[in-house]
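The following exercises concern the model displayed below. Each consists of a task and a solution that proceeds step by step.

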Amino acid sequence: MRIPRLMRVASQSILRNPMRTMLTILGIVIGVGAVIVMIAVGYGAQMRIQEQVKNLGTNMLVVMPGVSGLGGVSQGAATFNRLTVDDAEKLAREASLLSAVSPVIFSRVQAVGGLGNWRTTINGVSSSYQAIRDWPTEAGTFFAEDDQRSSRKVAVLGSTVARTLFPGEDPVGRQIRLGTVPFTIIGVLAAKGQTANGSDQDDVIILPYTTARNRLSGLTFIGAILASTSSAADIPAAQEEIRAIMRESHRLGGATEDDFTVRNQNELAEAAQSTTRVMSWLLAAIASISLLVGGIGIMNIMLVSVTERTREIGIRLAIGARGSDVLTQFLVESVVMSVVGGLIGVGAGYGGAAILGRVTGWSTTTPPAAVLIAVGFSAAVGVFFGWYPARKAAMLDPIQALRHE
Amino acid sequence: MTAAPMAQPAVIRLVAVTKVYQMGPTQVPALRGVDFVVAPGEMIAIVGASGSGKSTLMNIIGCLDVPTSGSYYLDGLRVDGLSRNQLADLRNRKLGFVFQGFNLLPRTSALENVELPLLYDRSGRRRDTKALSAEALRTVGLGGRFHHEPNELSGGEQQRVAIARALVTRPTLLLADEPTGNLDSRASLEIVALFQALNDEGITVLLVTHEANIARHAKRIIELRDGRLIRDSPVPDRHRADADLQKRASPELVEVV
């Protein structure tokens, strides 16, 4: 039989029992829909991380203390800390490919000012930090090199801190006390949003690193050194240059391993994404179990259908259908059901992802390839689970089948 | 047998056909050596009690089953030893089946039921399957019932649809297994009249029946008992079903009027 006729025969049989067909298709709809939603959640998370890492700065390189394997951004807090302000200063002086270098001194303090107090993060950085992070101010200015050289007590607030302590007013020019030391607020940074792992980048107060070291109870803990190159093409070479200078600075000879890690933005993205990737594969795998269950539903219904239609199969065989004709007919039926289910499931998946995105605030993105994969997968489910019942139908003995009541 | 090659081969030629069913450890013979020849244009009734081997013979002639030994030629082609697919193609091309239970596809229109065998035709000769099906339905007198489904038709009408389905491929042999078994006497006569009319046009018809008053409308009767042929004779006083119908109609008309 030719394809259009096959399709006609298949759709006739399918439409003969609309309720049952609908329920069978529903299994596939749910399966494919779930897979699409889960892919959308996983892919959305990855896209978001990518955006956030891009958001970190331009052509940024990060030097972190300690040895950490790939995928270990969060391991940054190594067992011992071997980054110093001297390292940062040496890099700034000697590295030819770096356009800016800034140490980042981390601390947590109680900030008092405006409405009250707020526990937040201190970042002691150099004046070039703003350029590296590509982080504009919303009000006032960032501190200048001069402020840094003189260890002036000036502070730049992240937007969350500004909003919390000075709601509805301009904090520029006001005083804020960090621990016991009073600072003058000279600027407020524009909002940057969350980091890849969900912490608020705007919940921060930025000071010159010299001030942080000299005025706040003897802080020398350097979390990282940030640097940037003027062009993206320089990044690999700059990475090598940093490594060489750092090894010299740390007096690491010959075969000694690096006691620091240099990463570029792509590697950071990679590391952050590897976790979400595993997560999204896991989600999709769990969702595809429901597709499997949907497939078993098809097989079940097709088996019932073969038994129920034994006489019809007998008639078809008697009037000259070959076993292969009957096989194809039943296969086409199961594939038509699964593909229709797949297509509806894609629609349901898109809708579901959009609703989920709105309700939970997660970013969900469905990659176009997911649609093709989902439909292809559902067709495969139809063939796989339709095969056994179809074969059973094709092998029937016409005499027995005609006698079947 | 004649030495000269026949212009038209026999429609059916059975030579020492036997069929033995294996029922567990015991062998049950259903046919114990049957020989006969059916020429084109014949109308034959095969009669016999149940268990006589009628159905087995019918299945073999219908290419649904193959003999245990002996040979069967359909329209000059040797059937025993063919594969499942070859048998299917042969049924499609050479045979038209009419069953006792009509065996129409439910929830499928008359036209689509009749069209069915054409859909399995592998030769690709028959393009306009709808027109051919409509023509076959007109031949059996159902010109106005193309889109009725089986449950909207009377038993007699359903059997006519089945006959149209059997005719639509222009088969060599029309094979009817108890075609009137589920019909009242009037509808039975109408169906037999249709067979006679088709036979008059040259179609070879083989009826399997246990009703003597159906068998007497054939030209020749073959009787089986215990798997053997016990009678093969022409019908001396062949009845015309349309004449029988007329006879019946007259008194009824009086009654109604």
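**Exercise 1. Place Ala394(A) in its helix and determine whether this residue is buried or exposed.**

Step 1. Ala394(A) belongs to helix H12 of chain A, residues 368-394. Helices (H or I, at least four residues) and strands (E, at least two) are DSSP runs, numbered from the N terminus. The model is a predicted one, in which local features need pLDDT of at least 70 and side-chain atom pairs count only at pLDDT 80 or more, while totals for chains, interfaces and linings use all residues. Residues are numbered from 1 along each chain as its sequence is written, and chains are lettered from A and ligands numbered from 1 in the order in which they are written.

Step 2. A residue is buried if 20 or more other C-beta atoms lie within 10 Å of its own, exposed if 12 or fewer, and partly exposed in between, with C-beta atoms placed from the backbone. Ala394(A) has 22 C-beta neighbours inside 10 Å and therefore counts as buried.

Step 3. Leaving aside residues up to four places away in sequence, Ala394(A) touches Gly323(A), Ser324(A), Val326(A) and Leu327(A). Contact requires that the C-beta atoms of two residues, placed from the backbone, lie within 7 Å. From Thr328(A), Ala394(A) is separated by 66 residues in sequence and by 8.8 Å in space, C-alpha to C-alpha.

**Exercise 2. Describe the overall dimensions of chain A.**

Step 1. The C-alpha trace of chain A spans about 100 × 55 × 35 Å along its principal axes.

Step 2. The radius of gyration of chain A is 32 Å, whereas a compact globule of 405 residues would have one near 22 Å. This radius is taken over C-alpha atoms, and the globule rule is 2.2 Å times the number of residues to the power 0.38.

Step 3. Chain A contains 13 helices and 10 strands, and 46% of its 405 residues count as buried.

**Exercise 3. Which helices of chain B each supply at least two residues to the side that touches chain A?**

Step 1. The contact involves 18 residues of chain B and 17 residues of chain A.

Step 2. On the side of chain B that touches chain A, helix H2 (84-94) and helix H3 (110-119) of chain B each supply at least two residues. H2(B) gives the most, with 6 residues.

Step 3. By class, this side of chain B has 8 nonpolar, 5 polar and 5 charged residues. Here Ala, Val, Leu, Ile, Met, Phe, Trp, Tyr, Cys and Pro count as nonpolar, Asp, Glu, Lys and Arg as charged, and the others, Gly among them, as polar.

**Exercise 4. Where do the buried residues of H4(B) lie when seen down the helix axis?**

Step 1. In helix H4 of chain B (residues 129-139), the buried residues are Ser133(B), Ala134(B), Ala136(B) and Leu137(B).

Step 2. Seen down the axis of H4(B), these residues fall within an arc of 160°, so they line one face of the helix. The arc is that of the directions from the helix axis to the C-beta atoms.

Step 3. The buried residues of H4(B) pack against H3 and helix H5 (155-167) of chain B. Just after H4(B), Gly141(B) takes a positive phi of about 85°.

**Exercise 5. Give the strand order of the open sheet of 6 strands in chain B and explain what distinguishes its edges.**

Step 1. The order is E6-E7-E8-E3-E9-E10 (chain B), with mixed pairing. Two strands pair if DSSP finds at least two bridges between them.

Step 2. Strand E6 (95-98) and strand E10 (228-234) of chain B each have a single partner strand, so one side of each is left without a neighbour in the sheet.

Step 3. Strand E3 (residues 43-47) and strand E9 (residues 220-225) of chain B run parallel and are joined by 4 bridges. Ile46(B) stands opposite Ile222(B) in E9(B).

**Exercise 6. Is Phe102(B) buried or exposed, and what is the sign of its phi?**

Step 1. Phe102(B) lies in the loop between E6 and H3 of chain B.

Step 2. Because Phe102(B) has 23 C-beta neighbours inside 10 Å, this residue counts as buried.

Step 3. The phi of Phe102(B) is positive, near 65°, in a residue other than glycine. Most residues other than glycine have a negative phi.
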